[in-house]
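Hi everyone, thanks for making time this morning. I'd like to walk you through one model, so please have a look at it while I talk.

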Amino acid sequence: MTAPTFTQPEAGGTQLGQPGADGDDAIAGELKHIILDASRNAPRSRQSSIGPSEIGAACDRRLAYKILDWDKANTGGDPLASILGTGYHNWAEAAFSRPELGGRWLVEQRLTIAPPLIPGGSCDLYDTLHDRVIDWKVVGDSMIRKYKAEGPRREYRVQGHTYGLGWELAGYRPKEVVLAVLPRTGYLSGMWIWREPYDRQIALDAIARIYAIRDLIVAIDPEANPPMWELIPAVPSFGCKWCPWFKPASTDLGAGCPGNVPPKTRTRTNAAKAA
Ligand code: SF4
């Protein structure tokens, strides 16, 4: 009797019935479709007024699109990082609201900032014992390393002080702004804290800038005169790929901004390989 022969699968191929087989792709596709649909229709994705998390953006043009609630050109980004961050925020909201904590922590409090353009936002956490404004950030390991080396993103810093202003307007006396940065793929032991004294002026400057951009929009009216978009300064960066108005190679700023993302700096290793 001849023994059955065993045939190796082709390199890189998959066998139906095994993990990763083609038959599973339909399941992934269906799950992803529902996740993307829920993400795109989440309240944060649909909000049109400017919130404290956005007013520190470096790019005036991005803020102008936001002020005008301009049709987005870039809606296809992967939302998983944001979903995981939202999940942590929801968990922390419950954890810091427990009655046994004695009401020391004020959680997800809605604050008024500077209506009508910047109506306000919800602050993650306020420590009434130390008058600290605390904002959670859930980020990748490489970003934590970057923030430790260079300091947090300007948007984060402005956001924290803007919430500080909101607390002040609500009758509190914030003393300190804190970012509690958690590694998305690491452990609690990897939490990194950034802190600085509350500075009202940082928030006031950021708010004044938003109103100045609004005044520029009114003066040049890019809605009626699309070429006027050119007059609103853009600050391209690697962050453009997450900008809702990023449209690679666009020549029509009314349809989207090309971003002109700067080329990546060549590392010594890449340069050596190319030599
Ligand atoms: S794509 Fe970049 S440069 Fe253009 S508006 Fe967005 S952030 Fe600014």
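Let me start with a question: which residue in the turn of the hairpin formed by S2 and S3 has a positive phi? Keep in mind as you look that this is a predicted model.

The residue is Asp-131, with a phi of about 50°. The hairpin has four residues between its two strands, and Asp-131 is found in that loop between S2 and S3. Is Asp-131 buried or exposed? The cut-off for buried is under 20% relative accessible area, so at 16% Asp-131 counts as buried. Leaving aside neighbours within four places in sequence, Asp-131 is in contact with Tyr-126, Arg-173, Pro-174, Lys-175 and Glu-176.

Now let's step back to the whole chain. There are eight helices and five strands, and from the N terminus on the order is α-α-α-α-β-β-β-α-α-β-β-α-α. Of the 275 residues, 36% count as buried. If you take the contacts with a separation of 6 or more, 62% of them are between residues 24 or more positions apart.

On to the sheet. The five strands form an open sheet with mixed pairing, in the order S1-S2-S3-S4-S5. Which strands stand at the edges? They are S1, residues 105–114, and S5, residues 192–197; each has a single partner strand, so one side of each is left without a neighbour in the sheet. From one strand to the next, the twist averages 35°.

Let me go through some of the pairings. S1 and S2 run antiparallel and are joined by eight bridges, with a hairpin of three residues connecting them. One pair to find on your screen is Val-107 and its bridge partner in S2, Leu-125. S2 then pairs with S3, again in the antiparallel sense, over three bridges, and there Asp-127 stands opposite Arg-132 in S3. Over at the S5 edge, S4, residues 176–183, is joined to S5 by six bridges, and these two also run antiparallel. Val-178 stands opposite Arg-195 in S5.

How enclosed is S2? Eight of its 10 residues are buried, so S2 is largely enclosed by the rest of the structure. Helix H6, residues 154–169, lies across S1, S2, S3, S4 and S5, and runs at about 90° to S1.

Next, a few backbone details. Most residues other than glycine have a negative phi, and most peptide bonds are trans. With that in mind, have a look at Pro-115 and Pro-116, which are joined by a cis peptide bond with omega about 10°. Pro-116 is found in the loop between S1 and S2. Glu-108 has a positive phi of about 50° although it is not a glycine; this residue is found in strand S1 and is partly exposed, at 21% relative accessible area. Asp-221 has a positive phi too, near 50°. Asp-221 is found in the loop between H7 and helix H8, and it is partly exposed, with a relative accessible area of 30%.

Let's turn to the inside. In soluble globular proteins, nonpolar side chains tend to be buried together. Here the largest nonpolar core has 49 residues, and those with the most contacts inside it are Ile-55, Ile-118, Ile-207, Ile-210 and Trp-229. Which helix gives the most to this core? That is H7, residues 200–220, with nine residues. Apart from this core lies another, of 13 residues, and among them are Ala-92, Val-107, Leu-125 and Trp-136. You'll recognise Val-107 and Leu-125 as the bridge partners from S1 and S2.

Back in the largest core, let's pick out Trp-229. Not counting residues up to four places away in sequence, Trp-229 touches Arg-61, Ala-64, Tyr-65, Leu-68, Trp-70, Pro-222, Leu-253 and Gly-254.

Tyr-65 takes us to the last stop, since this residue is also one of those surrounding the ligand. The others there are Cys-59, Arg-62, Ala-234, Pro-236, Cys-240, Cys-243, Phe-246, Cys-257 and Gly-259. By class, what does the shell look like? There are eight nonpolar residues, one polar and one charged.

That's my tour; I'm happy to go back to any view you'd like.

Note on methods: Residues are numbered from 1 along each chain as its sequence is written. This is a predicted model: local features need pLDDT of at least 70, side-chain atom pairs count only at pLDDT 80 or more; totals for chains, interfaces and linings use all residues. Side-chain values use heavy atoms; hydrogens and water are left out. Two strands pair if DSSP finds at least two bridges between them. Axes are lines fitted to C-alpha atoms, for helices over the stretch in contact, and angles run from 0 to 180 degrees between N-to-C directions. Contact means heavy atoms within 4.5 Å. A residue is near a molecule or strand if one of its heavy atoms lies within 4 Å of it. Ala, Val, Leu, Ile, Met, Phe, Trp, Tyr, Cys and Pro count as nonpolar, Asp, Glu, Lys and Arg as charged, and the others, Gly among them, as polar. A nonpolar core is a set of buried Ala, Val, Leu, Ile, Met, Phe, Trp, Tyr and Cys residues joined through side-chain atoms within 4.5 Å. Buried means under 20% relative accessible area, exposed over 50%, partly exposed in between (1.4 Å probe, protein chains only).
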